[in-house]
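Please look through the sequence and the model shown below before reading on. The paragraphs that follow lead from the chain as a whole to its strands, its core and its charged pairs.

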Amino acid sequence: LGNSQPVYGILEAWRALIARDPLIAGRRAVLQFIGLKERAMADALAAFPYPDAVESVDLVPREEAMAYVRRADIVLMINPPTLRGAIPGKLFDAVA
């Protein structure tokens with residue numbers, strides 16, 4: 001995530017989706033947040049009303065991060081506004 005990646009909107013959308021269809025959480029659908037997080041984001045994840053549906057993972061080595069990507073059904077990579085137009089190398093690793 002990085003410290004410049006506030007993803008409260010994604011977290012709120014996930015909460016609303018589970019509230020509408022509680023079976024989503026029961027299917028072991030998990031939204032993982034991997035990387036550095038601002039304290040407020042870490043607190044929001046810890047307070048999430050469906051704790052089995054989110055996972056907060058600290059910064060991990062590149063190979064471990066790529067293992068998360070390979071195991072995921074869907075991957076969302078968010079670039080901060082300061083990198084507008086840049087394509088992270090992780091994207092190419094993910095589709096390889």
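Of the 96 residues that make up the protein chain, 23% count as buried. The model is a predicted one, and the values given here should be read with that in mind. The chain exposes about 6,800 Å² in total, and carbon and sulfur atoms supply 58% of that area.

In terms of secondary structure, the protein chain has five helices and two strands, and along the sequence these elements follow the pattern α-α-β-α-β-α-α. Contacts within the chain also reach across the sequence: among those between residues at least 6 apart, 55% join residues that are at least 24 apart.

The two strands are a convenient place to begin. Strand β1, which covers residues 31-34, and strand β2, which covers residues 54-57, pair in the parallel sense over four bridges. Between these two strands the chain passes through helix α3 (residues 39-46), and the resulting β-α-β crossover is right-handed. The register of the pairing can be followed residue by residue, since Leu31 has Val54 as its bridge partner in β2, while Phe33 stands opposite Ser56 in β2.

Within strand β2 lies Glu55, and its surroundings show how the pairing brings distant parts of the sequence together. Which residues does Glu55 contact, leaving aside its neighbours within four places in sequence? They are Val30, Leu31, Gln32, Phe33 and Tyr68. One of these, Val30, is 25 residues away from Glu55 in sequence, yet the C-alpha atoms of the two are 6.8 Å apart in space. Glu55 has a relative accessible area of 29%, and it therefore counts as partly exposed, a class that lies between the buried limit of under 20% and the exposed limit of over 50%.

From the strands we can turn to the nonpolar core. The largest such core has eleven residues, namely Val7, Leu11, Trp14, Ile18, Ile24, Phe33, Met41, Leu45, Phe48, Ala53 and Val54. Helices α1 (8-20) and α3 each supply at least two residues of this core, and the largest share, three residues, comes from α1. Two members of the core have already been met in the account of the strands: Phe33, which stands opposite Ser56, and Val54, the bridge partner of Leu31.

Ala53, another member of this core, is found in the loop between α3 and β2. Is Ala53 buried or exposed? Its relative accessible area is 0%, so Ala53 is buried. Not counting residues up to four places away in sequence, Ala53 touches Trp14, Ile18, Ala25, Ala29, Val30, Leu31 and Phe48, and of these partners Trp14, Ile18 and Phe48 are listed in the core as well. Arg27 offers a further reference point for this loop residue: Ala53 and Arg27 are 26 residues apart in sequence, and their C-alpha atoms are 9.4 Å apart in space.

The charged side chains complete the picture. Side chains of opposite charge can pair when their charged atoms come close. A search of the whole structure finds three salt bridges, and these can be taken in turn.

In one of them, the side chains of Arg15 and Glu12 meet with an N to O distance of 2.6 Å. Both residues lie in helix α1, three residues apart, which is about one turn of the helix. Arg15, at 27% relative accessibility, counts as partly exposed, and Glu12, at 40%, is likewise classed as partly exposed.

Another salt bridge joins the side chains of Asp43 and Arg39, with an N to O distance of 3.8 Å. Because Asp43 and Arg39 are four residues apart in helix α3, about one helical turn separates them. Here the two partners fall into separate classes, for Asp43 is partly exposed, with a relative accessible area of 39%, whereas Arg39, at 64% relative accessibility, counts as exposed.

The remaining salt bridge links Glu63 with Arg70, whose closest N and O atoms are 4.0 Å apart. Glu63 counts as exposed at 54% relative accessibility, and Arg70 is also exposed, with a relative accessible area of 58%.

Technical notes. Residues numbered from 1 in each chain as written. Predicted model: local features only at pLDDT ≥ 70, side-chain atom pairs only at ≥ 80, totals over all residues. Heavy atoms only, no water. Buried < 20%, exposed > 50% of the residue type's maximum accessible area, 1.4 Å probe, protein only. Contact = heavy atoms within 4.5 Å. Areas by Shrake-Rupley, 256 points an atom, 1.4 Å probe, with all protein chains shown as cover. Pairing = 2+ DSSP bridges. Right-handed = clockwise from strand over helix to strand, strands pointing away. Core = buried A, V, L, I, M, F, W, Y, C linked by side-chain atoms within 4.5 Å.
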